[in-house]
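Visitor: Before I accept words such as "buried" or "salt bridge", I would like to see how each one is earned. Could you take me through the reasoning?

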Amino acid sequence: MPEFTTAQVHAGETREAAHGARVTPIYLTAGFEFDSFANAEERFGGDVPGYTYSRSGNPTAASLERRVAALEGGREAIAVGSGQAALTVALLGLVQSGDHLLSAQSVYSGTRGLFETGLKRLGVQVEFVDGPGDPEEWRRRIRPNTRALFGESIGNPGNDVLDIAAVADVAHQNGLPLIVDNTLATPYLLQPGEHGADIVVHSASKFLGGHGSALGGVVVDQGSYDWGVSPFEHLRAPDDWLHGDSYVGAYGRGAYIAFARSVVASLFGPVLSPVNAFLIQQGIETLSLRLRQQSDTALAVARWLERKPEVASVDYAGLESHPSHDLARRYLPRGAGAILGFTLVGGAAAAQRFYDAVTLFSRMTHIGDVRSLILHPATTTHAHLQRDVREATGIGDGLLRLSIGLEDPTDLIADLERGIAAVTGQAGVAATTATTPNREPRLVVAAGN
């Protein structure tokens, strides 16, 4: 594979059906015309290449799939309508009622909700590992009905870094696959497959797209796990859809991704719009440029916050003080990402004053945007969790999460200084919004005492 910056622009592209278009076109169509009766039969039977219906596959989405698979060093990928859909498809390709899933404790709240509510209603048991940095705890909690281990490369918002190689060793010693959510790291900062992950998932709405205008998700099969000797009977047993063959027999090491695509994604229908596939692929072309700057700025912001007496702690693995710093140095040599959390000494009241004072940071529930964002997790994304669960995962009342964008670091720090000033009750740095007739509002930043 070429260098990453080349691959993010060129990997997986095909132009034979694009009529000379240099950029992959948007195939905005529900279905695809067949040449003949025989051609329709052959396409549905998989005997000839081609598309049948956009719920099952679309050329624009397929181009995105090939590119993400290449960047992750994977065998094949499936693009779906959101990151939540990607995780759902990845898991339902493996688990069924009565199975057990083992997950790191500090996963994103939407993921935890899927595990504790969505999968629970389907009869899937989910257990959370309190100390994901301890391989022996993972090993101890594996049951006879455990079917997969799951973790995030970088936790959201605690910034804990998963020791992927250690957890992968535990999984493989027990004949199980490891699934890693690589949304926050992206393949530019980290490729989990290089360290033993078997399946990688992304919320492509975040850093892959980068512009905050499109939802999407991707499941990548690394091609490393041997499904033929796995505990997944649905992949090894004869299947009526395959006329008595099994998925392993028909697809070999591609058995899982074939099942996840044709049975889970196609039948449950979490379709990715061709427009969103196009937008996400456009975003990927600048991924390395964005992540490099965002990581550098995030580290500068984290160091600035760490020096403030109003800040009790900063959650950013790039800081020497963070418990995951050694893992970050090992797994994230290009940078620790653009997400960080910090806890204010004054708790919820201080967080509210800080949150309402900033003017450059957008107050919204999203990450990975070119614009910098701020959120109070305890009253928004994590509000549905019990207080003891929030506290156990580091979501205190004084915690604010930042997603660092592409703005100049000095402007971001000046905006955060407004938040600090609001907490302390001092004038600090003032900002007013000036408007000119028939023009958009303009932010005017002025230094103060």
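Guide: What follows sets computed values against the cut-offs behind the words, for a model that is predicted.

Visitor: What makes Arg330 and Asp163 a salt bridge?

Guide: A salt bridge asks for a side-chain nitrogen of Lys or Arg within 4 Å of a carboxyl oxygen of Asp or Glu. The side chains of Arg330 and Asp163 meet at 3.3 Å, N to O, and the pair therefore satisfies the rule.

Visitor: How many salt bridges does the rule find across the interface of domain 1 and domain 2?

Guide: The rule finds one salt bridge across that interface, where domain 1 covers 4-276 and domain 2 covers 287-424. Between the two domains there are also 16 residue pairs in polar contact, both residues being at pLDDT 80 or more. On the side of domain 1 that touches domain 2, the elements giving two or more residues are helices H1, H5, H7 and H8, and the largest share, four residues, comes from H8. That side divides into 17 nonpolar, 15 polar and four charged residues.

Visitor: How is the size of an interface given, and what is the area buried between domain 1 and domain 2?

Guide: The size of an interface is often given as the accessible area lost when the parts come together. Between domain 1 and domain 2 that buried area is about 3200 Å², with carbon and sulfur atoms giving 62% of it, and 36 residues of domain 1 are in contact with 40 residues of domain 2.

Visitor: Why is Asn182 called buried?

Guide: Buried means under 20% relative accessible area, and Asn182, which sits in the loop between strand E5 and H8, has 0% relative accessibility and therefore counts as buried. A polar atom of the Asn182 side chain lies 2.9 Å from the backbone oxygen of Leu190, and among the residues in contact with Asn182 are Glu72, Ser153 and His202.

Visitor: Why does Gln222 count as buried?

Guide: The relative accessible area of Gln222 is 11%, which is under 20%, so Gln222 is buried. Gln222 is found in the loop between strand E7 and helix H9, and a polar atom of its side chain lies 3.3 Å from the backbone oxygen of Glu72.

Visitor: What makes Glu285 and Arg67 a pair that ties together parts of the chain?

Guide: The closest N and O atoms of Glu285 and Arg67 are 3.6 Å apart, which is within 4 Å, so the pair is a salt bridge. Glu285 lies in the loop between helices H12 and H13 and Arg67 in helix H3, so the pair ties together parts that are 218 residues apart in sequence.

Visitor: Are Glu285 and Arg67 buried, exposed or partly exposed?

Guide: Partly exposed covers the values between under 20% and over 50%. Glu285, at 26% relative accessibility, is therefore partly exposed, whereas Arg67, with a relative accessible area of 1%, is buried.

Visitor: How do you know that Arg141 and Glu127 form a salt bridge, and are these residues buried or exposed?

Guide: The closest N and O atoms of Arg141 and Glu127 are 2.7 Å apart, within the 4 Å limit, and the rule is therefore met. At 16% relative accessibility Arg141 counts as buried, and at 17% Glu127 also counts as buried. Both residues belong to a network of salt bridges that links Glu127, Asp130, Glu137, Arg141 and Arg143.

Terms used: Residues numbered from 1 in each chain as written. Predicted model: local features only at pLDDT ≥ 70, side-chain atom pairs only at ≥ 80, totals over all residues. Heavy atoms only, no water. Domains from an automatic or database assignment. Contact = heavy atoms within 4.5 Å. Buried area = accessible area lost by both parts, 1.4 Å probe. Polar contact = N/O pair within 3.5 Å; in protein donor to acceptor, adjacent residues only side chain to side chain. Nonpolar A, V, L, I, M, F, W, Y, C, P; charged D, E, K, R; others polar. Buried < 20%, exposed > 50% of the residue type's maximum accessible area, 1.4 Å probe, protein only. Lists of a residue's contacts leave out its neighbours within four places in sequence.
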